[in-house]
Structure formats: C-alpha cells, structure tokens
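Visitor: I am new to this structure, and I would like to learn how to read it one feature at a time.
Guide: Gladly; let us place it in front of us before we begin.

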Amino acid sequence: MVTRILYIEDEPVNIQIVKRMFRGMNYLILEAEHAAQGLAIAQTEKPDLILMDIQLPDISGLDATRILKADTRTRHIPIIGLTADTFSRIDCLEAGCDAYLNKPISRGLLLRTIQQLLRATQSDSAEILLD
Ligand code: MN
C-alpha cells in the first residue's frame, strides 16, 4: 500500500531533497508550494501525513496547521512541522503539529518520525508528541 505524504514547501530544492529521501520506497509525495494550495490538496486528497514548512509565502505553516486541526475533515492527519528556526518548536506544537523537525532534515529521523506517527494514527491511540 502506498503512503501518501503532502509536502507544503515553497523552496523547490527542499522538495527535491525530500523526494530523493523517499526514492524507491512506498511513499507518494504530493507537492504544494504555498499554504492555500496545501490546504486545498489536504481537503480533497486526504493524505496520510503532512510535512509542513513553517515559513511560507502566504500564511505561515503554523496558521495552516491551526486551520487543518480545526477542520473535522483533516484534523486526524498527522502534521510534522519543519523549520530552520530553532526557536519555534513550542510554537509548532502549540499550533497543533504532531511532531517537529529542524532543517536540515535527517533522513533517518524523518522516516522514523513518519512511521511512529502513522503507527499511532492506525492504532487510534491518544495524541503523541515527538521530539
Ligand atoms: Mn519556506
């Protein structure tokens, strides 16, 4: 079964890097270059998980996360916040991100975090917070 991951990211190079990390694996990466496009894709495609850049050109990834977590159609989708700003971890978690990773992203940590969140979603357990 293919796991569909929506990556909302305005920097094309970062999308290429992450897509390379998933090469040869059962992941399909859906791309959005700004928050509005990402919200639309999340609502229509219902991805299994969302990678959310925090610095986006239209609204921030924090606000996009709040919108997704307030919407009954999308609130169940795990969101991993991604940012180079080391001070916004708490902001990410308070906005509703299920996990947070610093850029540059470690492939091993990204894959592990994704698998943990998907397992938690499948077992319908309570919300978890990951470092
Ligand atoms: Mn950005």
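The dialogue below takes up a metal site, a pair of helices, some backbone details and a few single residues.

Guide: One caution comes before the features: this is a predicted model, in which local features need pLDDT of at least 70 and side-chain atom pairs count only at pLDDT 80 or more, while totals for chains, interfaces and linings use all residues. Residues are numbered from 1 along each chain as its sequence is written, and side-chain values use heavy atoms, with hydrogens and water left out.

Visitor: Which residues coordinate the manganese ion?
Guide: Donors are N, O and S atoms within 2.8 Å of the metal (3.2 Å for Na, K and Ca), and since water is not among the atoms, sites may look incomplete. Here the manganese ion is held by D10 (OD), D53 (OD) and Q55 (O), at 2.0 to 2.2 Å. Read along the sequence, these donor residues follow the spacing D-x42-D-x1-Q. The pair D10 and D53 links distant parts of the chain, 43 residues apart, with D10 in the loop between β1 (3-8) and α1 (12-21) and D53 in strand β3 (residues 49-53). Such element names refer to DSSP runs numbered from the N terminus, with helices (H or I) of at least four residues and strands (E) of at least two.

Visitor: Is D53 buried or exposed?
Guide: Buried means under 20% relative accessible area, exposed means over 50%, and partly exposed lies in between (1.4 Å probe, protein chains only). D53 has 2% relative accessibility and therefore counts as buried, whereas D10, with a relative accessible area of 34%, is partly exposed.

Visitor: How do the axes of helix α2 and helix α3 cross?
Guide: Axes are lines fitted to C-alpha atoms, for helices over the stretch in contact, and angles run from 0 to 180 degrees between N-to-C directions. For α2 (residues 35-45) and α3 (residues 61-70), the axes come within 10 Å and cross at roughly 20°. The two helices are therefore roughly parallel to each other, given that angles under 35 degrees count as roughly parallel, over 145 as roughly antiparallel, 65 to 115 as roughly perpendicular and the rest as oblique.

Visitor: Which residues of α2 and α3 meet?
Guide: With contact meaning heavy atoms within 4.5 Å, A35, L39 and A42 in α2 meet A64, I67 and L68 in α3. By class, this contact has six nonpolar, no polar and no charged residues; Ala, Val, Leu, Ile, Met, Phe, Trp, Tyr, Cys and Pro count as nonpolar, Asp, Glu, Lys and Arg as charged, and the others, Gly among them, as polar.

Visitor: What should I look for in the backbone itself?
Guide: Two details can be picked out by their angles. A cis peptide bond, with omega about -5°, joins K103 and P104, and P104 sits in the loop between β5 (99-102) and α5 (107-122). K46, a residue other than glycine, has a positive phi near 45°; K46 belongs to the loop between α2 and β3 and is partly exposed, at 35% relative accessible area.

Visitor: Which residues is P57 in contact with, leaving aside its neighbours within four places in sequence?
Guide: They are D10, E33 and H34. P57 lies in the loop between β3 and α3 and counts as exposed at 58% relative accessibility. Between P57 and E33, which are 24 residues apart in sequence, the C-alpha to C-alpha separation is 8.7 Å.

Visitor: And what of strand β2?
Guide: L28 and A32 can be compared there. L28 is in β2 (residues 27-32) and is partly exposed at 41% relative accessibility, while A32, also placed in β2, is buried at 2%. Not counting residues up to four places away in sequence, L28 touches V2, T3, R4 and I5, and A32 touches L6, Y7, I8, E9, Q37, G38 and I41.
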